[in-house]
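The following exercises concern the surface, the overall fold and one sheet of the structure shown. Please work through each task before reading its solution.

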Amino acid sequence: MLYKTPTYYEFKVERDDERCIRCQVCVRQCSYNSTFYNAEEDRIFNIDANCVGCHRCDTYCPTDCITIKRVGENFKENANWNSWAIRNINKQANTGGILLTGMGSDRPHRIYWDHIVVDASQVTNPSIDPLREPMELKTYLGRKPDSIEIETLTRPHPNPLPKGEGVRGKGRGSEGITLKTKLAPQIELNIPIMFSAMSYGAINFNVCEALAMAAEKMGTYYNTGEGGLHKNLYKYGKNTIVQVASGRFGVHLDYLGVSAAVEIKIGQGAKPGIGGHLPGEKVTEEVSKTRMIPVGSDALSPAPHHDIYSIEDLRQLIYALKEATNYEKPVSVKIAAVHNAAAIASGIVRAGADIVALDGIRGSTGAAPVMIRDSVGIPTELALAQVDQRLRDEGIRNWASIVVAGGIRNSADVVKAIALGADAVYIATSALVAIGCTVCQKCYLGKCAWGITTNDPYLARRQNPELAAEKLVNLLTAWSREIKEMLGGMGLNAIESLRGNRERLRGMGLSDRELKILGLKHAGEGM
């Protein structure tokens, strides 16, 4: 007797056969072999077990005859053994493999952004109308000096007034201020939002180019991730942050030299403590050239950097990269948000990092073990509050900027993150959703029907770089307008005035312990 465990599927494709015109658009659009056409019967059939819920077929159906529905398993659940747990056990019983997934954690961890509200001005501190008054979102990332020294210079006018005829005895000369203090390298952002690390290979060239084009147009930056930088993207170098990860894929002197900043990746929110893996099927000839690995070979990043086992080792790498870039570019260190993130960040800053990047448990990835993604790390909000406070308490907050990532979904999240202590934020999933991603979490298969996380030429051409860049520019433009509105509502005319200003935030429905960690008062408490 053949022994078999149950096989469950998540989605069911329902088709109105009377409305279907057999155009086969759905067959051509589906990249997961969920839909096929039977010429003998002149009908289109579906294999529901293959459907990933990407909604490509129903989006492009000209007669709207397709409906994708999520399937509820017909077995008895209880509080402990729900469908998620049972389905995962059956998958592993059938395959004997590690459960893989893409994107960020979808478990019901508390989203603290949704439990934080923002203050608004009323009478004594009037609000500001951003349509009529200037509003500054410009942000500089990098080490700031403990103090600055300035010099006031009087420049003589080419046609000075006769003696005694100037205002209050002064002539026509003008005064200028010169900064005498030499600043560490900075990167300048027109808006406090950057595109997070997404590597070439995990996403295709068209998407990489769209991110680069949008970053250039908006005056911000995109991060290459650990996959190196394609030669055709070098022209966007002034808006590029290059990453140095444990695998050192694509890292060479030209790669470092063309960038605006360098980021050392120690960990990421979706898989703290483990390395990366790009399947060999996604390593095409162009990806292999950029990553400097053989075509078709798996790109495996070790869990640790094998030259970093202490803060002193990290300091050596930081200064090696500064030396390689002539001390002209800030160096960032990216870590996952973990229990002791504050102490780790303090060591990173003292080791010489100019920027600390924190990636929380809701941070996304192209591929990660389900159990690691959902069970390791802590929310971005808690780590950010603790890191900012620790650096302030030690008197070194100005030594480094803080950038946070992991689940930033809208402009309100950005405002709250900056008020909690961030200098800027990274977004990745939000950017991909803007260009068509439906968060089906199957990035690791390399069959993305929207042409994002695939290197199949037939699928990749579904992303037009110019059109995708336009979508990204629209997203950042909309967010920047909303941020200005929220700043104006608080009576602030510059993002600098909000940074770390937790008095402008209040918690809702949080315990005293949570409020203490976040450094917030509860809603209803005054100043």
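**Exercise 1: Surface**

The accessible surface of the chain comes to about 25,300 Å², and carbon and sulfur atoms hold 52% of it; such areas come from the Shrake-Rupley method with a 1.4 Å probe, and for residues only the protein chains shown count as cover. This is a predicted model, in which local features need pLDDT of at least 70, side-chain atom pairs count only at pLDDT 80 or more, and totals for chains, interfaces and linings use all residues. Residues are numbered from 1 along each chain as its sequence is written, and side-chain values use heavy atoms, with hydrogens and water left out.

Task: Determine whether Leu-179 is buried, partly exposed or exposed.

Solution.
1. Buried means under 20% relative accessible area, exposed over 50%, and partly exposed in between (1.4 Å probe, protein chains only).
2. Leu-179 has a relative accessible area of 40%, so it is partly exposed.
3. Across the chain, buried residues make up 51% of the 527 residues.

**Exercise 2: Sheet**

Task: Identify which strands lie at the edges of the open sheet that contains β22.

Solution.
1. Strands are DSSP runs (E, at least two residues), numbered from the N terminus; two of them pair if DSSP finds at least two bridges between them.
2. The strand order is β6-β22-β23, with mixed pairing.
3. The edges are β6 (116–118) and β23 (521–522), each of which pairs on one side only.
4. Between β22 (residues 505–507) and β23 the pairing is parallel, over two bridges; Arg-506 stands opposite Lys-521 in β23.

How values were computed: Helix = DSSP H or I, 4+ residues; strand = E, 2+ residues; numbered from the N terminus.
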